[in-house]
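Please find below some notes for a colleague who has the sequence and the coordinates open. They are arranged as numbered points, to be read beside the structure.

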Amino acid sequence: MPHNSPTETKWRSFHRSAADDPCDSLTPHDWGVTTERVQRLLEPAYLDGLDSRALDELRVMHEESAEAELALSYFRRLAQARVEILEAELARREQGGSVGDLVADLPRILSAESGRSTIATTRGAPGTDAPTIELHWPDHRENLVVDNTLAKLPTIDLDELASTIAALHDFERELSDLRTQMHRVIDAIDRVIVSRRVAGTTG
């Protein structure tokens, strides 16, 4: 029998059969492959020959990259919120509180004062608008932030709760890394656009 890696084991714990919910399936086999829509923008070839491209093309590239960054930010905020809620549920069980206590505490848990500082970046906290594009991963791990886990929170066993939190942390780190890379792409495009404006050329 082949040995499963820790990541594969983690993702296998999230697998839900199509009979349960055909839109709620997380499988381990494609872990590590990011969303194709973003990966295309991060390939070195995407920025090849920026100086020779027309200004209109640069603007289209900037808009496309900005939309992808917004979508990554949106998923990251959702992942962070899920982590906050699930960790609060874990603490509630350890301390013996009620579900009502957790619900009453949600505003504080999700507030900026809850102690979590990773939402903000050097570019400032991302906006609250929903993205204009959808991102999908080969293994559907975006379902971590859009499935019905919260609706059945009180009935989730401890093992699944811990595994979900671990996977959300992994997903958040991936989204943060992709955002950082996307910022570099946007900055590169911006530099060329600004230089054209300064030079008074439209290209």
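Which residues does methionine 182 touch, not counting residues up to four places away in sequence?

1. Methionine 182 touches Val38, Leu41, Leu42, Ser65, Ala68, Glu69 and Leu72, where a contact means heavy atoms within 4.5 Å. Methionine 182 is also among the residues with the most contacts inside the largest nonpolar core, together with Val38, Leu58, Leu135 and Ile189. That core has 40 residues, and the elements that give two or more residues to it are α2 (36–42), α3, α4 (99–109) and α5. Of these, α5 gives the most, with 14 residues. A nonpolar core here is a set of buried Ala, Val, Leu, Ile, Met, Phe, Trp, Tyr and Cys residues joined through side-chain atoms within 4.5 Å.

2. On the basis of the model: this is a predicted model, in which local features need pLDDT of at least 70 and side-chain atom pairs count only at pLDDT 80 or more, while totals for chains, interfaces and linings use all residues. Residues are numbered from 1 along each chain as its sequence is written, and side-chain values use heavy atoms, with hydrogens and water left out.

3. On confidence, pLDDT being the predictor's confidence in each residue, from 0 to 100: the mean over the chain is 76, and 73% of the residues reach 70 or more. Among the elements, helix α1 (residues 6–12) has the lowest mean pLDDT, 38, and helix α5 (residues 158–199) the highest, 93. Two stretches call for care in reading: over residues 1–32 pLDDT stays under 50, and the model has 54 contacts for them beyond four places in sequence, while over residues 112–127 pLDDT likewise stays under 50, with 23 such contacts.

4. On the overall arrangement, the chain contains five helices and zero strands, where helices (H or I, at least four residues) and strands (E, at least two) are DSSP runs numbered from the N terminus. Of the contacts in the chain with a separation of 6 or more, 81% are accounted for by residues 24 or more positions apart. Of the 203 residues, 38% count as buried, buried meaning under 20% relative accessible area, exposed over 50%, and partly exposed in between (1.4 Å probe, protein chains only).

5. On helix geometry, the 42 residues of α5 should span 62 Å at 1.5 Å a residue, and the end C-alpha atoms of α5 are 61 Å apart, which agrees; the expected span is 1.5 Å times one less than the number of residues. Helix α3, with 41 residues, reaches 59 Å from its first C-alpha to its last, close to the 60 Å expected. At the start of α5, a side-chain oxygen of aspartate 157 reaches to within 3.2 Å of the backbone nitrogen of aspartate 159. Glycine 200, just after α5, takes a positive phi of about 75 degrees, and glycine 96, just after α3, takes a positive phi of about 85 degrees.

6. On side-chain links involving α3 and α5, serine 73 lies in helix α3 and counts as buried because its relative accessibility is 2%. The side chains of serine 73 and arginine 179 are joined by a polar contact of 2.8 Å, that is, a pair of N or O atoms within 3.5 Å, of which, within protein, one must be able to donate a hydrogen and the other to accept it, residues adjacent in sequence counting only if both atoms are side-chain atoms. Histidine 169, found in helix α5, is partly exposed, with a relative accessible area of 23%, and its side chain makes a polar contact with that of glutamate 87 at 3.1 Å. Histidine 169 and glutamine 80 are 89 residues apart in sequence and 8.0 Å apart in space, C-alpha to C-alpha.

7. On arginine 92, which is found in helix α3: this residue counts as buried, at 15% relative accessibility, and touches Gly97, Ser98, Val99 and Leu102, not counting residues up to four places away in sequence. A polar contact of 2.7 Å joins the side chains of arginine 92 and glutamate 89.

8. Where does histidine 140 lie? Its place is in the loop between α4 and α5, and the residue has a positive phi of about 65 degrees although it is not a glycine. At 37% relative accessibility, histidine 140 counts as partly exposed.
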